[in-house]
Amino acid sequence: MRFRWLYVLLFGASAIPFAAGCSGCGSAKGDPNTIKIVSSLPRTGSAKAQTDTIVNGIKMAFDEAGNKVEQFKIEYEDLDDATAADGKWNADRETANAEQAVKDPDVMIFIGPYNSGAAKFSMPILNRASLLMISPACTAIGLTHEPGDPGEPGIYRPTGKVNFTRVVPADDIQGPVGADFAKELGVKTVYILDDTEVYGKGIANVFKERALEIGLKPVGKQESLDYKQSDFRTLMARIKRDHHPDMIYYGGTSQTGAGQVAKDMVAEGLGDKILMVPDGCYEAAFIQAAGRDIFKTLQCYVTFGGMPPDQLTGKGKEFVDRYVAKYKVQPEGYAIYGYESGKVALEAIKRVGKKDRAAITEACLGIKDFDGAIGKWSFNENGDTTATTLSVSKVDGPTGDFKFVKLLEKKK
Amino acid sequence: MSLRYRAIPWTAVLLALAAAYPLIPALDDQLMRLTGLPIGGRMPKLFIYAILALGLNVVVGYTGLLHLGIGAFFGIGAYITGILTVPAYPFHYSLGTYEFLASLALATLGAATLSVVLSAPVLRLRGDYLALVTLGFGEVVRFALRNLPEITAGTKGLNPVPPPGFPFPAEWNWGGDYRFFYFLTLGILAIVLWLLWNLERSRLGRAWVAIREDELAATCMGVNSAKLKLLAFALGAGLAGLAGCLYAHKQGGTADPDQYGFNTSILALLCLILGGIGNRKGVLLGVLLVVGFDEILSPIMDSYIQRSLGQAGPEYLRFSGWRLAVFGLALILVMRFRPEGILPARRGV
Amino acid sequence: MHTLLAAGDASGWQSFLQYCQGGLTVGALFALIALGYTMVYGIIELINFAHGDLFMLGTFMAITVLSVLGINTATAAATGTGLLLAAVALMLVIVPVFCAGLNWTVDRAVYRPLRNAPKLAPLVSAIGVSFFFMNLGLFWNAGVYEAGRPVPAASPRAFPDLVSSANLFPDDLGFRLTGKDALVLAVTIPIMIGLTLFVKYTALGKAMRATAQNPTAARLMGINVDRVIGATFVIGGALGGVASVVYALYINTISYQVGFQMGLYAFTAAVLGGIGNIPGAVLGGLVIGLVRSLGSAYVGETWTSALVFAVLILILVFRPSGLLGARTREKV
C-alpha cells in the first residue's frame, strides 16, 4: 500500500462537490444570438427513408425563414436515435440525445422523436429542463392524455407542466377510424396481432375496443409477435386453419416485421384476405420489405393520421410542389409533419422573442388557429393537435406505392 | 524501466484524473462547445460499463470460463431496481427514501443468487459448451423480460425510476447536473476496483487463477473447483447486477429488454478481450476504447461529418455505420498478434 | 392451448400434421446450415460463429444475381418460366461458390494462423469475422433503389417471389404443400444424402473423418491436414450457400441480421444432434424446426425463440453429446 495517499486523495476529491452541494452548476451560457434546434429521429434502419423526408421538411421550414427568426440565427442538428444493431430506435440513444439537448445551452427546441416508445425515455429528461418537444409522428395516446397506462401522462411530467406537443392526431382517433373503415369494407371477423411495442400494442388495443363496439368480431387470442423471428408462417397457417378471419390487423411498424406479416399471409394461403396496418407502415420501406409482387392478390390498407402528399390542397400542395422541385422525389407521408413541426418551432420562438426554454414551451402550447401546411389547427392544453383529418390508403402493387382511398373522420 | 512503470499505480492515477475532470471549472462546457457533446454526461455510462466488464472479468479473466450472457444479469439488476422503485409497484412507497440503497443491495444480491441457481447445473460443462449455455440463458432471460408484461411491462420497460434518495440529500438535482451521477458511479467503480484488487491477492483470487491455468492440477492440490467456480459466477453476476441498478437509475427507467441481450454481453466481452483479459487496468482500457468509441468518438465524428456535408449523408458515410467492422477487425487482429489483449495480465509463478 | 385440446378431432390432427410439415421444411434449412457448423467443429473443434453471417451474405449475393438478370419484385411475376429456372439454377451455382470461397479465405487468413493458439482465440476471431460480415451485409444495398426510392441500409428487403405459394393438393384435402415447400425438400434431401455418401466413401471424405478423429495421427498417415481442413470449410460454405438460396426463395426476406438468429438455431441443431456428427446435424435441424413450429402453434408465438434456447440448454446440461453423438472423454 505504498500509494495509500493517492487513494485517500481520490476519495477526498470526489467528496468535494458533494460537500459543496454544487450550487450554480451547469450555468453555461451559449451564444446569445443563436438558437439551436435539434431533432432526434431514427436515422438508421428501415425508417431512414421516411425520416430523410421529415428532416428535409424541417430544413425546408428553416430555409424558407432564412434560418433566422427576429435577431436569432437558427442552427439545426439532426441526431440519430437508432442503431444499426437494432435497426430501429434504441432507448439508450434517445436518452443520450435528450441529455445532449438539455446540456447544450443553445438548444431551445427538440423536434421528435418518431417512435412513441422512444418518447417515454426522452420526455421526463426534457421535461425537467422545460425544453419544448414537438413530435412529428408519435401517436401513442398516453403520451399526452388519458387513457393510457396507469400514471400516464403524469409520469412523463416530473415538473407537472406540459412540454410535449405533437402535430399528428393520436391513436385514440386512428385506431377506431380504422375499425370503422374495416366495417365499411364488409369485414365481419378480424384477427388482431401486435408487435409488443408501446405504439403497436397500444393501437391494436384501441382498434380492438372499437371493433367490439361496432360489431366487428375479433377472433382468436390477440398474439404479440417476436418480430426478430425470420418468419411467422406457422402462426399464419394456424390463423387460416382455426380462425379464417376476413381481415388481419397488425399493430406494428415496418421496423417490427409488418412486411414479413404481409408476405407470410400470402405464403400460407391468406392472400385473398385483407391486411390492415397503422401509420407506422405508411412508408416505402414497408412495401420494400413486403415486396411489391405480393400485393397483386393481397389487399392491404394503411391508415394514416393525415392526408397523403398527393391529396393535399392549398398550402400543403404548395409544400409538396416545392419539395419535389427541391429534392426531385415525392415526399413520404410524414414529410409535411416535419415541415409543420419546423414551422411551429419558429412560430413559438417568434412569439417569445427571447432565448428562454420555459417561455418558448409556454408560447408553443398557446398557439391557436395556426395556419399551417396541414390546414388551420391549434394545440390543446395537453399538447395535442386539434386537427383530426385522417386517411386510408391502399398498397398498389404495380406502382409499388400507396394509393389514396378516402378520408376518414372520427365518428361519435 | 519496466520496474518503474509497474511502480506507478496506473489505476489510481486514472481514477484521480477522472475525479479531477468535473472539478476543473468550465472544462466540460468548453469541451461541449468544441465537440457538441456533453462528455461529462456520457462518462457515467463508461463507469457503469466498467463495473459490468469487471464483473465479467471475474468469470472470464480470473477463472477462465467463457461467459456470453452477462447482459442478462445486467438486465436483472436493472429490473430488480425497477420493481423496487417505480410507482407502479408498492415497494416505492414502503421503502421511501431508502429505495436507492435497497435496490443497490438487492440488485447485486438478486443477480448473484440467480446466477448461482442458473449456473450450478452447468458447472461441469467446459469451454465452448459452457459459453453456449450462458448465451442461451442470456436469451431466455431476455425473452422472459419481454414476454411477462405483468411483471416487467414488456418492451415498455419499467419507468420512471426516481433519482437516488438516501444517503444523498433530497434537494440534489440529479437530472440537471451531470456531476452527481458522475461521482456516484465513479465512486462505486473505485470501491469495486479496490475490492477486486484485494480479492486478486487473496487466497480466493489465487485459487481462481489456479483453476484457470490448470483445473486438474488445482483440484489435485485441494482446490474445490465447483465451489470456487460458483463463487466466481456469483461475484461476476453480482457486479453486473450492481451495474444494472446504476444504469436504471441513470436512465430513469429499465429501458427495453433488448438492451440486455447478446449485444450487451458481447460488448462487455469485447472490452475484456481488447484491453486484456484478467487485468483490471486492461479492462478499464478496453472500456475506454470500446464504450468510448460508441458513446464519445462516434457521435463526435458523426456530427463533424454531418456539419462538413451540410446534411446527414448516406449510411456508409457515417462513422458509426462502420462500428461492427471496426470491432470485428480489432478482435481478429488482437487475437492474431496480441492474444492476451493490449495490456495482458501478469502471470507470475 | 386451445388448439391442443381440439387435437382429438380430425381437423386437430390435420392441423398438427400441417404444423409438422412447416416445421420439417424449415428444419431442413436449419439442417443445411447446421452441417457447416458440425463439419468444422468436428475437424478443428471451432464454433464457427461467422457461419450464420456467411449464410446471410449468401442471401445478399442471391439477390444481386437476380438483379443482374433484371428480376426484381416488380418484374418477378412477368418473368418467363425458362428464365426463372435459369435464374434459380444460376443462383444455386454462383452463391455456393461465393460462400465456399469466402469461407475458405477466412479460414486461410484468420483461423489457420491460430491453429495452435488457445481454444478461445479462434472462437473470438470467429465472433470478429461475424461482426465484419454483418457490416458487409449492412452496406450491401448501398445505392440500390426500388420504385424510385432508396433502400435504407439495415432495412429488411423483399426477395422476389419466384416460387409459387399455391397449394399442390386440392384445398379441401385439408393439407397444404406448396411449391416452396417442395423446392426446399427437393434441394435439401439429395444434398444431405450426397454429403453422407461423400464423407463415407470418397478418399477426401475418409481423410476428413481421420483428421477429425486424430489430426496428428492423420498427418503421420500422410494426410495433408491443412488441405483437408480447407476442403471442410469449402464444403461447409457451399452448403451454407445452397441454404441461402433456398431460404431466400422460401422466406422471401433478406436482412443483414438474419445470420445471427439462423446461425444460432442451426448451431443448436448441430449440438442437439451431437456436434461433429453429420446425420446428427440433419436430425437436429429437423427437431429444431419442429420445436419452433409446434411451439408457435401450441405455446405462443412470442415464446418460440425462448423455447429453442431452452432446448439448447437442456440438451447441453443433460446430454452434452447430443442425440446421436458418442460420449467422449475429455482429453486431459
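1. A word on pairing before we start: two strands count as paired when DSSP finds at least two bridges between them. Keep that cut-off in mind for β9(A) and β11 (residues 223–224) of chain A, which run parallel and are joined by two bridges. Within that pairing, Asp194(A) has Ser224(A) as its bridge partner in β11(A). Please also remember throughout that this is a predicted model.

2. How does the predictor rate the complex? The ipTM is 0.89 and the pTM is 0.90. For chain C, the average pLDDT is 88, and 95% of the residues score at least 70. The stretch to treat with care is residues 1–8 of chain C, where pLDDT stays under 50. For those residues the model has twelve contacts beyond four places in sequence.

3. Back to β9(A), which is a good place to start looking at chain A. This strand covers residues 189–194, and five of its six residues are buried, so I'd call the strand mostly covered. Besides β11(A), strand β9(A) pairs with β12 (residues 247–251) of chain A, in parallel and over five bridges. Look for Val190(A) there, standing opposite Met247(A) in β12(A).

4. Strand β9(A) also pairs with β10 (residues 217–218) of chain A, again in the parallel sense, over two bridges. Thr189(A) is matched with Lys217(A) in β10(A) as its bridge partner. To get from β9(A) to β10(A), the chain passes through helix α6 (residues 198–213) of chain A, and this β-α-β crossover is right-handed.

5. On the way from β9 to α6 of chain A, stop at Thr196(A), which sits in the loop between them. Thr196(A) is not a glycine, yet has a positive phi of about 70°. Most residues other than glycine have a negative phi, so this one deserves a look. Is Thr196(A) buried or exposed? Thr196(A) counts as buried, because 24 C-beta neighbours fall inside 10 Å and the cut-off for buried is 20 or more.

6. Chain C offers a parallel case in Ala154(C), with a positive phi of about 65° although this residue is not a glycine either. You'll find Ala154(C) in the loop between β2 (149–150) and β3 (157–158) of chain C. Ala154(C) has 27 C-beta neighbours inside 10 Å and therefore counts as buried.

7. Now for the other sheet to trace in chain A: an open one of six strands, with mixed pairing. The strand order is β2-β3-β1-β6-β7-β8. Which strands stand at the edges? They are β2 (68–69) and β8 (164–166) of chain A; each has a single partner strand, so one side of each is left without a neighbour in the sheet.

8. Inside that sheet, β1 (residues 34–41) and β6 (residues 107–111) of chain A run parallel and are joined by four bridges. Ser39(A) has Ile111(A) in β6(A) as its bridge partner. Helix α3 (residues 91–103) of chain A packs on the sheet, where it touches β1, β3 (72–80) and β6 of chain A. The direction of this helix makes about 175° with that of β1(A).

9. Two cis peptide bonds in chain A are worth checking by eye. Most peptide bonds are trans. The bond from Gly112(A) to Pro113(A) is cis, with omega near -5°, and Pro113(A) belongs to the loop between β6 and α4 (116–128) of chain A. The bond from Glu146(A) to Pro147(A) is also cis, with omega near 0°. Pro147(A) is in the loop between β7 (132–135) and β8 of chain A.

10. Where chains A and B meet, 44 residues of chain B are in contact with 42 residues of chain A. Several helices of chain B each supply at least two residues to its side of the contact: α2 (10–20), α3 (27–35), α4 (39–62), α10 (178–200) and α15 (280–309). As for chemistry, the chain B residues on this side split into 19 nonpolar, 16 polar and nine charged.

11. One last stop in chain B is Pro167(B), in the loop between α9 (149–152) and α10 of chain B. With 9 other C-beta atoms within 10 Å, Pro167(B) is exposed, because the cut-off for exposed is 12 or fewer. How far apart are Pro167(B) and Leu329(B) in space, C-alpha to C-alpha? They are 45 Å apart, and 162 residues apart in sequence.

Notes
Residues are numbered from 1 along each chain as its sequence is written. Chains are lettered from A and ligands numbered from 1 in the order in which they are written. This is a predicted model: local features need pLDDT of at least 70, side-chain atom pairs count only at pLDDT 80 or more; totals for chains, interfaces and linings use all residues. Two residues are in contact if their C-beta atoms, placed from the backbone, lie within 7 Å. Axes are lines fitted to C-alpha atoms, for helices over the stretch in contact, and angles run from 0 to 180 degrees between N-to-C directions. Ala, Val, Leu, Ile, Met, Phe, Trp, Tyr, Cys and Pro count as nonpolar, Asp, Glu, Lys and Arg as charged, and the others, Gly among them, as polar. pLDDT is the predictor's confidence in each residue, from 0 to 100. A crossover is right-handed if, with the strands pointing away from the viewer, the path from the first strand over the helix to the second runs clockwise.
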